[in-house]
Amino acid sequence: MIFIPPSGRDALPARTDRASPQYRKAFEAYLRRGTPIDLRGRAALEEKAEPAARNRPATHYIWRTRGDGKVRPSHAANDGKIFAWDDPPPTGHPGEDYGCRCWAEPYAPDAQEFFNIEMKDVSDEGPPWGHTDFIRHYFFGGGRTVTVRETGHLGAVAAEFRRQAGDVPTRLPGQIADFARAEADGRFTDTFKAPYEMQHIVFSLGNTTIRGRFSGTRQQNHALLDLRGTISFKLTDMFRDPGDIEEWILEPIGAVGAFPTEFLGTPYSIVDHWRGTFAAKVLVDRRQSRFFYVPPR
Ligand SMILES: [Zn+2]
């Protein structure tokens, strides 16, 4: 369900003071209902996962030669190339051959890893709805579906999605990276779907589902995969809450009479869809990478 906090554009009925402690208390009580996800708990889990991945020893090296005339041709051909310690080239690892003066320069590609998701087409169609706009639509909108961009909150929702999943190495980037690793051929596609808590930013989205599909191409370049592709996002939510509005918001602030109490309103869908692109470099070796999927608890 959707609910706009006191920063919304509209006031409640004129006699209501939105800054009053009574109002705030009622509003907070409303927001607290349901089963909020502990975002801090999830963030802590991700923080835990990241340093562990970073601390793993390098599995790859860069072949280096002395660069003089005494380097055997097969080793000169390896110069500057990246090899895996568990997958030696036909020549063997540097220094293994008798008299070989070549050496392995540790290859620390972590810094070269990145995952960039860009949101497209998330512009809003007007100023953000205040919470009375959502209530008004509930009572008088006849159940008509609204788009998030119509309510003026799509930009904020997309930004919040990025914060919770799009920019988190163990969430959507990790999922795409894992899927690309598992695909043998050059193209990959898969779907994702998860509920997101949005109530602390613009409104109470108790159970907003954002789902989508990503498709892209992978190209292996030594230890790294080059990933490129597109993502389609779809958001679905419902505004339905006659009891709560009355019990937790209208009653404590004495605004029950502001709406026809015998008329409970009509639940309505809140939907939208938008696009995104991604460009990334991730390590083929999942154990080395910052980007791997950890399912939310
Ligand atoms: Zn050598």
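## Exercises on strand pairing and burial

Strands β7 (residues 208-221) and β8 (residues 224-239) are paired antiparallel through 13 bridges. Keep the structure open as you work, and remember that this is a predicted model.

**Exercise 1. Find what lies between β7 and β8, and which residue stands opposite Asn 221.**

Solution.
- Start at the end of β7, which covers residues 208-221. Across from Asn 221 you will find Leu 224 of β8.
- Now look at the link. Two residues separate β7 and β8, and the two strands form a hairpin.
- Check the backbone of the turn: His 222 has a positive phi of about 55 degrees.

**Exercise 2. Follow β8 to its pairing with β9 and work out how many bridges join them.**

Solution.
- Strand β9 spans residues 268-283. It runs antiparallel to β8, and 16 bridges join the two.
- For one position to look at on screen, pick Thr 236, which has Val 271 in β9 opposite.
- Put the steps together: β8 pairs with β7 over 13 bridges and with β9 over 16 bridges.

**Exercise 3. Work out the strand order in the open sheet that contains β1, and explain which strands stand at the edges.**

Solution.
- Begin with β1 (residues 60-64), which is joined to β2 by three bridges in the antiparallel sense. Within this pairing, Tyr 61 is partnered by Phe 83, and Ile 62 by Ile 82.
- Next, turn to β3. Five bridges pair β1 with β3, again antiparallel. Here Ile 62 has Glu 105 of β3 opposite.
- Notice that Ile 62 has now appeared twice: Ile 82 is its bridge partner in β2, and Glu 105 stands opposite it in β3.
- The order of this three-stranded open sheet is therefore β2-β1-β3, with antiparallel pairing. Because β2 (82-84) and β3 (103-107) each have a single partner strand, they stand at the edges, and one side of each has no neighbour in the sheet.
- Finally, consider the twist. On average, neighbouring strands here are turned by 45 degrees against each other, ignoring direction.

**Exercise 4. Decide: is Glu 160 buried or exposed?**

Solution.
- Locate the residue first: Glu 160 belongs to helix α5 (residues 154-166).
- Recall the cut-off: a residue is buried if 20 or more other C-beta atoms lie within 10 Å of its own.
- Glu 160 has 21 other C-beta atoms within 10 Å, so it is buried.
- As a last step, find Tyr 196. It is 36 residues from Glu 160 in sequence, while their C-alpha atoms are 9.1 Å apart in space.

Terms used: Residues numbered from 1 in each chain as written. Predicted model: local features only at pLDDT ≥ 70, side-chain atom pairs only at ≥ 80, totals over all residues. Pairing = 2+ DSSP bridges. Helix = DSSP H or I, 4+ residues; strand = E, 2+ residues; numbered from the N terminus. Axes fitted to C-alpha atoms, helices over the stretch in contact; angles between N-to-C directions. Buried ≥ 20, exposed ≤ 12 C-beta atoms within 10 Å, placed from the backbone.
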